[in-house]
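Work through the exercises below with the sequence and the model side by side. Try each task before reading its solution.

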Amino acid sequence: MRTQVAIIGAGPAGMCLALLLSEAGVDVAVVERRARDHVISRGRAGLLDQVTVGLLARLGADRRLRSGGLVHAGVALQFGEDRLRVDLKALTGGEVVIYSQRDVMGDLLEIAEARGVRVVFDALDAQPEEVGGDRPAVTWRGDGVGCRLDCDFIAGCDGSQGVSRASVPQPASFERAYDCAWVGILADAPSVHAELIYASHDRGFALASMRSRSRGRYYLQCGSQDRAEDWPDDRFWAELAARLGEEAAAGLVRGPVLEKSITAVRACVIEPMRHGRLFLVGDAAHITPPTGARGLNLAVSDAALLSRSLIAYYREGSAEDLDTYSARALDRVWAAMRLSTWMTELTHVLPGTDPLEQRLRRAEFDHLRHSTAAQAALAQMYVGAPLDEGAAPVASAATRADEADLHDIPGTTVFTGAQARKGYHLNQFCLSLMKPENRTRFRADERAYVDAWAMSEAQKRAILARDFNAAITEGANIYFLAKLFAADGQSFQQAAGAMTGLSAEDYARMMLSGGRSPQGARSIRGGH
Ligand code: PHB
């Protein structure tokens, strides 16, 4: 067998990469050690950042995510009884979505099967071969028979215990083992709060999350050697109530515990994420502490970065992007690591912490409460830095905080940097209508034309319905939108009139007699 890119591991990283590459016409084959059912059931994550959601949408793997995912515009951090809601949406324009990794895997595999992507399950003892040379291969045993897949490149997406990681000779390894773990349950009862609560209590950390409206997902910091059996249901619920504080505990609904498991709290990165023609993707190269839910999201963003580099290689024959993949991926890895170690150390009570450190954690929380800039920095990392932005989201945190202040003008969506990033593909689509041949293609089949752009479904719907206000909420810029309504043969007055609920004549009259009254259309801060 021969392929262009051989992928070891059919988890989120491997399947996203496979779909991104095959969509671009690059030939791929995925080799997976376990059976299909096991692949779907093994993941436990459940929080998708905006980069992951955007990518799944691009792959057309978001139909169920859109109907079943729970969109969260904010997240709570709590210290004792004091709770702070970080408004992700206002601070960054972004959101996160609760949707289980199992469902993500189910969706990705279904699409891969529909598109004819080759996935070999039950492939035992897979081994990358000759990665230092020009003709690498992956070998394995399937049905007792030795198999070999010759390829140009290998993507190691087989996790922290996989063979790919072990095939990088003498990597630099950075590790931290925290002296604690998480015991987690999935309960058949609605979560205690509509958004997530990361709670720090003298007794230790607690996290209230969810998998659906009717299923809560809770975690407690526990001893690093604890086993799930050490946490009978009653003990878990009582401890959770104590750590969540009185207000939350009062609303806590106990329900049957469907699952209980232990998660390690550790950090590990190996560098570089490449050896010859073998590229490491996701957990194969890094494990972040679970606080902040970076693991799955980083795996997906690695896959997106590597797919771009490989596509550039096959389209333009340039290996330049492949040569910088490791460094670019690591920039994001370390930014994510900063968030998850910071959130862990802020919220967990680690054995041996001295009283000064306890007070410092409190001071850090108070700083966060009082600083919009600090909240914006946290929010930007939590919702995921856009892939094109590099790894320095924090540098612009102050700007983001300022921008957040612009979101309180009734009826007006200010075209901030965050909106521009959100609307990038939408505005590029509008711009494409400058060319007559594109207008013809658009008119012939509007749906097919918008589907070719990496827009969200909400953006596509706004375009198709000519709902210009919705388009602006989704990041459109009025000057770009003008290309769309001009293509429809509408004047600026007609379009602007439609957006304000006026006829073109009434709109023109209003503008000629001095324009809109500023009354009620200013910032609501300070009583304007
Ligand atoms: C989860 O729901 O499993 C979850 C959510 C947020 C985290 C970690 C885990 O930071």
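**Exercise 1. Decide whether Gly 216 is buried or exposed, and place it in the chain.**

Solution. Gly 216 has a relative accessible area of 0%, so it is buried (buried means under 20% relative accessible area, exposed over 50%, partly exposed in between, with a 1.4 Å probe and protein chains only). Next, find its element: Gly 216 belongs to strand E16, residues 215–222 (helices, H or I with at least four residues, and strands, E with at least two, are DSSP runs numbered from the N terminus). Last, take a distance: the C-alpha atoms of Gly 216 and His 193 are separated by 9.2 Å, and the two residues are 23 residues apart along the chain.

Before going on, note that the model is predicted, that local features need pLDDT of at least 70 and side-chain atom pairs pLDDT 80 or more, while totals for chains, interfaces and linings use all residues. Residues are numbered from 1 along each chain as its sequence is written, and side-chain values use heavy atoms, with hydrogens and water left out.

**Exercise 2. Describe the residues around the ligand and find which strand gives the most to this shell.**

Solution. Step one is to list residues near the ligand (near means that a heavy atom of the residue lies within 4 Å). The residues around the ligand include Trp 182, Leu 196, Tyr 198, Arg 211, Tyr 219 and Pro 290. Step two is to sort the shell by type: seven residues are nonpolar, three polar and one charged. In this sorting, Ala, Val, Leu, Ile, Met, Phe, Trp, Tyr, Cys and Pro count as nonpolar, Asp, Glu, Lys and Arg as charged, and the others, Gly among them, as polar. Step three is to look at the elements: strand E15, residues 204–212, gives the most, with three residues.

**Exercise 3. State how far the polar atoms of Tyr 198, Arg 211 and Pro 290 are from ligand oxygen atoms.**

Solution. A polar contact is a pair of N or O atoms within 3.5 Å; within protein, one must be able to donate a hydrogen and the other to accept it, and residues adjacent in sequence count only if both atoms are side-chain atoms.

- Tyr 198 places a polar side-chain atom 2.5 Å from a ligand oxygen.
- Arg 211 has a side-chain N or O atom 2.7 Å from an oxygen atom of the ligand.
- Pro 290 uses a polar backbone atom, 3.4 Å from a ligand oxygen.

To finish, consider cover: of the 280 Å² of accessible area that the ligand has on its own, the protein covers 95%. These areas come from the Shrake-Rupley method with a 1.4 Å probe; for residues, only the protein chains shown count as cover.

**Exercise 4. Find how many aromatic pairs the whole structure holds, and examine two of them.**

Solution. Rings of Phe, Tyr and Trp (its six-membered ring) pair if their centres lie within 6.5 Å; planes under 30 degrees apart count as stacked, over 60 as edge-to-face and the rest as tilted. A search of the whole structure gives 19 aromatic pairs. Phe 174 and Trp 334 make an edge-to-face pair, 5.5 Å centre to centre with 85° between the planes. This pair links distant parts of the chain, 160 residues apart: Phe 174 is in strand E13 (residues 172–187) and Trp 334 in helix H11 (residues 320–347). Phe 174 is partly exposed at 37% relative accessible area, and Trp 334 is partly exposed at 35%.

Tyr 198 and Tyr 382 have ring centres 6.1 Å apart and planes at 85°, so they too are edge-to-face. Tyr 198 lies in strand E14 (residues 197–201) and Tyr 382 in helix H13 (residues 372–383), 184 residues apart. Both Tyr 198 and Tyr 382 are buried.

**Exercise 5. Locate Asp 122 and Gln 170, and give the phi of each.**

Solution. Asp 122 sits in the loop between strand E8 (118–120) and strand E9 (124–129). Its phi is positive, about 55°, although Asp 122 is not a glycine. At 43% relative accessibility, Asp 122 counts as partly exposed. Gln 170 sits in the loop between helix H7 (163–166) and E13. Gln 170, also not a glycine, has a positive phi of about 45°. Its relative accessibility is 79%, so Gln 170 counts as exposed.
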